[in-house]
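Here are some short exercises to work through with the structure open beside you. Try each task before you read its solution.

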Amino acid sequence: MTKLELPVISLVTPSFNQGKFVEATVRSVLEQRYPKLEYLFMDGGSTDATLNRIAPYQARFACFKSAADQGQSAAIAEGFSLATGEILAYLNSDDLLLPGTLNFVADFFERHPRVDLIYGHRCVIDAENRVIGHWILPPHCNFMMRRWDLIPQETCFWRRRLFEAHGNIDKSFRFAMDYDLLVRYMKTGRFKRVNRFLAAFRVHEHAKSSTQLATTGEQEIARIQSKYRIRDFPFAGKLFSLAVQLRAALFARWNECLPGLPPGIHYPIDEIWGKPDSDRAGVRSSDSA
Amino acid sequence: MKPGFSIAFLLGVPRSGTTLLSLLLNQHPSIYCPPEPWLLLGMDALGQVPLKHAADPPLVAVAIAEFLADRRVRALNAAAGSIYRQILEATGKSVFVDKTPRYYHSLDLVRSFLPESKVILLLRNPLDVAASYGQSWNVNLPELITRRTDSPFLFDYVLGFNRLIAFAEHNPVLMIHYEDLVASTDAEMNRIFAHLGLSGHTVSTEIAINSTEYAKTSFGDRKILTDRTVHQQSVNAYKTYFSRQELDILLGALGENLFERLGYGPCCAEVAGELNTPVPSNECVELLAVVEDYAAQRKAACEKPDSLGDLQEQLKQLTQHIDGLQDRNKALENQADQVQAGNDLLNEQLAQALERNTALDEQLHQAQARNKQLGEQIRALQHMGFRDRLRADWRYTKMFVKHRLYVALWRLANGPRKPPLPKITLVTPVFNGGEYIESTLRSVLFQDYPDLEYIIVDGASADHTLEIIERVRKDETLPNTISRIISEPDEGMYDAVAKGFSAATGEVFGYLNADDLLEAAALKRVGEYFAAHPKVSVIYHDDTVLVNAWKYPNVRQPKGIGTVDLLNQHILFQDGVFFRRQAYEAIGGIRRDLRLAGDYDLWLRLSAHCKLVRRPGHVSCFRIRPGQLSANMGAYYQEAATARRDFLRTVSPLRKLMWDRNFLIRLVRNFLKRLRVENDRLLFPIDFGNLPPPSRLLAGSEFGNPSSPIDGKPAERLLFSVPDTRFGEPEIHHIYLDTRHNIAVTHPPVGVERLDLLYRKHYSSPPTTIQEPQGSSPYRLVNHKRFWEKALLRLPVERVCRFLYDGWNDQTLAELKLVLKAAKVDIEAPLSCLDAGCFEGALLDRIRDATPWIASGLEPNEHAVERCREKGHPVWSGHAESALEIIPEHTRFDVIFLSQSIEHVGDPVNVLRRLRLLLAAGGVLVVSTPNLDSREIDWFGPTWAHWHPPYHRHIFSRKGLCALARKAGFRPVCFRTFSHCYWSSMSLAQNWVGLGGSVSHAVHFDGGIAIRAERSNFWHRLIWNRLGKGDYSFLAMRDDSDD
């Protein structure tokens, strides 16, 4: 069962001045212990502590660039054009992968050769690394997901064939490049929502999603919808979003559990890596006679 | 000297006109007078070479002095003479005149040429000489004189005149005055020629100097080159040249006497007369002495070239001067530094001020911008039309609704807001309770409750009770403090309790006797319940009993105890009852006159006033000790009867009638209840048949905080107490139950060091015999089998099953394969497999022999690791918790098997989380551990072989194990339970000796036990294993989604 031929996963991280969070991101990727990881770190010439923070891990990047670029989408696009992996994904420099994610992704694509792109539920953390909520998504449906930008980007992993058929990230977007990309991929790609948590999405005051959603974000989403001739229904998007939130609230309230995360809410996300606790006893040998 | 040759010397002070005279002499055909040979001065200084001379200069001087010795003057004389002669022969003349003005320095040598040679002394008025110095050489003699400068010009003026006149006075010298020479040249020249013994010759006053060698030399008077004739213009030149003061100085330098001797007395007198001051006589003597001294110094310095003399002095002075300058420089630099430092400070302050300024500027800008914005908003609002107003309202409404929606969702996620915890007042009456009071106090103060009021009422104890209380009060490590201590004589325990409650300020009351204990998190549970249920006034709990360090759960309190039960002598244990303040005050408080049954009276009256609510779990522990108040039960019941009578007197007959009716109903209900099967399989109540149990040690303490491994909340129910039944260690441990997840927790936990020590101690020499206890032992021969189970176990099935299988074989691999198969793992593939806790590698051997898997191990015990490696297995040494650090990166496993080790771990969640990172894509983690749902627990109770404290920290049920997997982020895939003859026989052996004895793992069981074990194993395989009630369980978990 040991797969000698694991697929190469190429992960691109665009980074610009997220020195507070970038180390957690990089560690969450490197501590996956996935042997065939190709990690591309594209820094946009950060001027804060970013470079100092990632200095210890720099040797483990397949590609590291630190120079002024034309924004996040350009950095990701450049990363993808350099990537050689069979499976592609990108992870923003404030988000985290959950333990075991890359293993799962490799195994899932192995077991499901027809699936082109997978995504999972979203786990929301705050600046203090505490889990503050979830998004529990319904099984994938092109009709819905095409209309409303609800696919959690950080949990998306797709095959190279999709990338080759529909191209790279559109550099002209500043905010909704993931939505644009996913709508394009949805044309022919077979999507799948996996019923587990794959990554954690950070909400903090300097995140793009919290600062630009109302301005650039809405304009760009409107632009995408007109570009692909997507017809929206009034209120329906809001209701859909509300339903997802409601499901997540009940998920937390009823202490439900899905693989990838322990049940409950308000616990520190670092905990799930099982950091050693020195004052507790270690494993003992079996004492069978 | 040979005849026909003669030598003459022309002496005189410089600037006396000696050059003029020598030119005049040269006009005579027999005279040769070259310009200034300076020869004698050089001869005189023979051997005095400069310091830098290549030869050693002192040696040169000394050698020559030694060589010449006292022949010096004569030798020099002869040498000079021969030189003169040689030159004279070359010119073909007969008289050589040596004209060198400064010969006054070597008059001795000149004198040695007398009397053969002739000497001419040319004198001139000193004042004119001085004027000539000034005019021709720019030498200011008066200044030199006043400053007494060490200069050759001063020597000329002072020494020259003095020495020359003195020489002339004592030797045959022809003295010529310059004034006479220029006035009557012929007469004077004739005098000279006569003196030289030559014929007269008329000299011309026209001097054709250009034809002579005087034009070429640099010596002699250069001025004479411009004057073509002898003239008298220079006579008395001083009169116009010098000021009066300078004249005075010049006169004083030589003195009147010398002027007289030189023949210029009248001139001197005339000048003095003009000046109107007498010429000072002593000044010239002084000056002469000074100048002589200078000359002597110079001479000495020349004679001793090795001593640097005044040069050294000067050097020294210059060095000192330089040093002084350097010091000043340094001081200035210091000052500069200080100034610089001050400058820097000011600069810094300036920078800070500028920064502040910019910050303030920014703030100002922001404030202005905000101001502007607000102004615009105000303007917009003021000029808003009706439609805009409506639009704004609509926008606001939308925002409001959205906000409310989010708040509602938030509520939904977080549940209803928790009400604040009430203040709990706990009263402890104590009288001479020094033996147990400390653990009571600590068990209360150790509680993690934010609002506790703890009042201790002491009846003026005569022993060291108060000291202990004081010591505990000062213990900073406890989270709570004693609020109040009342110490005065009282009229018994209930008087003390009443006193305590009258001083109380809390919302919820309870009292704890001085030898009882609170269990972990008791107050929190009580407080939370009262906070969540405002209508409940009184609650009571199940109780535990502490005897000789063993803890037992007491018989369970039934639900819904009321006045009826209390009137019929049901006893409510006081330490588990808590009530609200208003209920206590409504019934008028506790009766102070009762000595023993005060609590009974209180419950009776409370039950008449409000409903009593039962809460599950244990909050307190009642200590049984010899000599306690409740030991005398007869007296207690008597007093209870009095209290009951008093109570009944106060209630109406109608109510009494109601209670009587209720009593009949209760009797019937109790009878029916007895027919029902008891459902609580983990209740092992106090074992009165084996009381008192043997006294045991407590490891850690009697109270503590056993917490659930899943969420860290307290495990609230006590199951039983047990010592080490494997090796017979005397320390006792309590087993608690986390009722939310069904996980048994051993308390107190044993530290890693102690566990390591125990393992090391028992690894090499485990006891091989069953150790039986002395005297009574609790839970001996516990047998909770149903009658049909007993019947089944009597059937001789072992005779059949011996042909079917061997129950004593190690079946771990078969079980593991079964579980993996059920988890949809392809077991025929070459799986990479990690056996975490592989011990001596028994499973690894089997895997190598029977499967295509590639197995490696992880084991903390070094001896066991060595054994494994001897067998050739790849085994890492270390705990599973540190597996990530030990096992090299990119080594990953399809199967990780934790065999009988998760129950030994302090923090099982983190162990699973870390092992999860070692799983390969699609890997499975399999855990095997004793099963809390085991049917054998029902049969054997606390004597079940797998309890095993302190080595087993947690015993998991299926629910607990699945919760553990989920907590670690896994999805539980397959749960199976199994049993083994060995463990059944171990349980049987242990059940036989009870908890006081110990049963080793290495024992070989005798026939009877083995047969019974085989029988029960058969039925387990047939029934219980399939129902999830086997002795131990396997759980396979995956790290993936279920689709």
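The exercises below concern a predicted model, and each one comes with a worked solution.

**Exercise 1. Get to know chain B**

Task: Find how many helices and strands chain B has, and what percentage of its residues count as buried.

Solution:
- Start with the secondary structure: there are 37 helices and 26 strands in chain B.
- Next, take burial: 42% of the 1043 residues of chain B count as buried.
- Finally, look at sequence separation. Among contacts in chain B with a separation of 6 or more, 80% are between residues 24 or more positions apart.

**Exercise 2. The side of chain A that touches chain B**

Task: Work out how many residues each chain brings to the contact, and which element of chain A gives the most.

Solution:
- Begin with the totals: chain A contributes 46 residues and chain B contributes 59 residues.
- Now list the elements of chain A that give two or more residues to this side: helix H4 (101-111), strand S9 (191-202) and helix H10 (236-253).
- Of these, H10(A) gives the most, with seven residues.
- Last, sort the chain A side by class: 24 residues are nonpolar, 12 are polar and 10 are charged.

**Exercise 3. One helix, two partners**

Task: Decide how helix H6 (residues 126-137) of chain B is oriented against helix H12 (residues 244-262) of chain B, and then against helix H8 (residues 152-170) of chain B.

Solution:
- Take H12(B) to begin with. The axes of H6(B) and H12(B) come within 10 Å and cross at roughly 125 degrees. Because of that angle, H6(B) is oblique to H12(B).
- The handedness of the crossing of H6(B) and H12(B) is right-handed.
- For the residues, Pro126(B), Leu127(B) and Ala130(B) of H6(B) meet Leu247(B), Leu250(B) and Leu254(B) of H12(B). By class, this contact has six nonpolar, no polar and no charged residues.
- Turn to H8(B). Here the axes are 11 Å apart and the angle with H6(B) is about 165 degrees. An angle over 145 degrees counts as roughly antiparallel, so H6(B) is roughly antiparallel to H8(B).
- H6(B) also passes H8(B) in a right-handed crossing.
- H6(B) uses Pro126(B), Val129(B), Ala130(B) and Tyr133(B) in this contact, while H8(B) uses Phe153(B), Tyr157(B) and Phe161(B). By class, the contact has seven nonpolar, no polar and no charged residues.

**Exercise 4. Trace a sheet in chain B**

Task: Put the strands of the seven-stranded open sheet of chain B in order, and find which strands are its edges.

Solution:
- Walk across the sheet: the order is S21-S20-S19-S22-S23-S26-S25 (chain B), with mixed pairing.
- Strand S21 (875-877) and strand S25 (971-978) of chain B each pair on one side only, and are the edge strands.
- From one strand to the next, the twist averages 20 degrees.
- For a parallel pair, look at strand S19 (residues 832-836) and strand S22 (residues 893-899) of chain B, which are joined over four bridges. Here Asp835(B) has Phe897(B) of S22(B) as its bridge partner.
- Then add a helix: H33 (residues 908-916) of chain B packs on the sheet and touches S19, S22 and strand S23 (919-930) of chain B. The direction of H33(B) makes about 150 degrees with that of S23(B).

**Exercise 5. A strand and its two neighbours**

Task: Determine how strand S26 (residues 1032-1038) of chain B is placed, buried or exposed, and how S26(B) pairs with S23(B) and S25(B).

Solution:
- Count burial: seven of the seven residues of S26(B) are buried, so this strand is largely enclosed by the rest of the structure.
- Recall a rule: in a regular strand, side chains alternate between the two faces of the sheet.
- Apply it to the residues: Tyr1032(B), Phe1034(B), Ala1036(B) and Arg1038(B) point one way from S26(B), and Ser1033(B), Leu1035(B) and Met1037(B) point the other way.
- Check one neighbour: S23(B) and S26(B) run antiparallel and are joined by seven bridges. Val927(B) has Leu1035(B) as its bridge partner in S26(B).
- Check the other neighbour: S25(B) also pairs with S26(B) in the antiparallel sense, over seven bridges. The bridge partner of Pro972(B) in S26(B) is Met1037(B).

Definitions and conventions: Residues numbered from 1 in each chain as written. Chains lettered and ligands numbered in written order. Predicted model: local features only at pLDDT ≥ 70, side-chain atom pairs only at ≥ 80, totals over all residues. Contact = placed C-beta atoms within 7 Å. Nonpolar A, V, L, I, M, F, W, Y, C, P; charged D, E, K, R; others polar. Axes fitted to C-alpha atoms, helices over the stretch in contact; angles between N-to-C directions. Parallel < 35°, antiparallel > 145°, perpendicular 65-115°, else oblique. Left-handed = near helix turned anticlockwise from the far one by under 90°. Buried ≥ 20, exposed ≤ 12 C-beta atoms within 10 Å, placed from the backbone. Pairing = 2+ DSSP bridges.
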